[in-house]
Amino acid sequence: MERAYDPFELPRAQMVAEQLVRRAITDERVLAAMRKVPRHLFVEEALRGRAYGDHPLPIGEEQTISQPYIVALMTQLLELQGREKVLEIGTGSGYQTAVLAELARRVCSIERLPRLAERARGLLEQLGCVNVWVRVGSGTLGWPDEAPFDRILVTAGGPGVPPPLFQQLAESGRMVLPIGDAENQRLTVVEKAGGEMRMREAGECKFVKLVGKYAWEA
Ligand code: SAH
């Protein structure tokens, strides 16, 4: 990602110090990525002044860019070392995608709404994220041609683990996703060990709906 003069550098550093470090985000690579990725560019101009606030923001089409802390927490739970191939479901603004692109070898991201996918793709390209592919599609089916994935991140809330995503997870791989009802979910970490599923919960969260064959109806 290219770097030029950025008037948002200070608010971004403050966001990392006050919202992430204080809430036990300890992975230095995650903190560095979030100090670097220009979150304000992923929201419309009128909202830029609020881009580093401790909350989600609307991105159009009734969707939202997640709160910085939630992006950091999910990314930290993925435990990325830098060599992984990652599948993301729910590109949205592309902000989380850009954070993943800093920390993994390749990111394949699926968004069901074409307008959001196009905007995110353009912005990621402009920012020089060359290791990202964005596709329009139905994310609960995964991306079979690119499987297996070392990590899978779902950034919309569904009722359970979509079977195709577990199938496309590599052995010893890890998936992070919100599971629950339409109102509230639990951030869930799923691991594949000897082909078996292991699950643990990592806190409450609130996401927009995951829509698709293995999730909620549109
Ligand atoms: N990570 C995003 C947050 C996006 S909100 C960001 O940082 O901006 C969740 C997104 O998931 C929405 O854009 C929504 O359209 C998308 N979505 C919901 N169900 C989906 C599905 N089955 N496949 C792909 N995208 C989906």
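A polar contact here is a pair of N or O atoms within 3.5 Å. Keep that cut-off at hand for these exercises on a predicted model.

**Exercise 1. Find which backbone atoms of glycine 90, arginine 112 and glycine 139 make polar contacts with the ligand, and how much of the ligand is buried.**

Solution, step by step:

- Start with arginine 112: a backbone N or O atom of this residue is 3.2 Å from a ligand nitrogen. The cut-off is 3.5 Å, so the pair counts as a polar contact.
- Move on to glycine 139, where the distance from a backbone N or O atom to a nitrogen atom of the ligand is 2.7 Å.
- Finish with glycine 90, which places a backbone N or O atom 3.4 Å from a nitrogen atom of the ligand. Both of these pairs also fall within 3.5 Å.
- Now the burial: the ligand taken alone exposes 580 Å², and the protein buries 99% of that.

**Exercise 2. Describe the shell around the ligand: how many residues are there, of which classes, and from which elements?**

Solution, step by step:

- Count the neighbours: 26 residues surround the ligand, and Thr64, Ser93, Glu111, Gly139 and Val211 are the closest.
- Sort the shell by class, which gives twelve polar, ten nonpolar and four charged residues.
- Place the ligand: the space it takes is the largest pocket.
- Trace the elements: β2 (63-65), β3 (85-89), α4 (95-103) and β4 (106-111) each give two or more residues to the shell. With three residues, β2 gives the most.

**Exercise 3. Work out what lines the largest pocket, and what its volume is.**

Solution, step by step:

- Begin with the volume, about 710 Å³.
- Look at the lining next: it has 38 residues, with Gln63, Thr64, Thr155, Ala156 and Val208 nearest the pocket centre.
- Assign the elements that give two or more residues to this lining: β2, α3 (68-78), β3, α4, β4 and β9 (196-205). Here, too, β2 gives the most, with three residues.
- Split the lining by class to get 16 nonpolar, 14 polar and eight charged residues.

**Exercise 4. Locate the cis peptide bond at proline 148, and say where alanine 24 and serine 172, with their positive phi, are found.**

Solution, step by step:

- The cis bond joins alanine 147 to proline 148, with omega about 0 degrees. Proline 148 belongs to the loop between β5 (132-136) and β6 (149-154).
- Alanine 24 is not a glycine, yet its phi is positive, about 70 degrees. Look for alanine 24 in the loop between α1 (9-20) and α2 (28-36).
- Serine 172 has a positive phi of about 70 degrees as well, but serine 172 is found in strand β7 (residues 169-180).

Conventions
Residues are numbered from 1 along each chain as its sequence is written. This is a predicted model: local features need pLDDT of at least 70, side-chain atom pairs count only at pLDDT 80 or more; totals for chains, interfaces and linings use all residues. Side-chain values use heavy atoms; hydrogens and water are left out. A residue is near a molecule or strand if one of its heavy atoms lies within 4 Å of it. A polar contact is a pair of N or O atoms within 3.5 Å; within protein, one must be able to donate a hydrogen and the other to accept it, and residues adjacent in sequence count only if both atoms are side-chain atoms. Accessible areas come from the Shrake-Rupley method with a 1.4 Å probe; for residues, only the protein chains shown count as cover. On a 1 Å grid over the protein atoms alone, a cavity is a set of points where a 1.4 Å probe fits but cannot get out, and a pocket is an open set with protein on both sides within 12 Å along at least five of seven lines; lining residues have an atom within 4 Å of a point. A molecule sits in a cavity or pocket if more than half of its atoms lie within 2 Å of its grid points. Helices (H or I, at least four residues) and strands (E, at least two) are DSSP runs, numbered from the N terminus. Ala, Val, Leu, Ile, Met, Phe, Trp, Tyr, Cys and Pro count as nonpolar, Asp, Glu, Lys and Arg as charged, and the others, Gly among them, as polar. Grid points are joined across faces, edges and corners, and a volume is the space filled by probe spheres set on the points.
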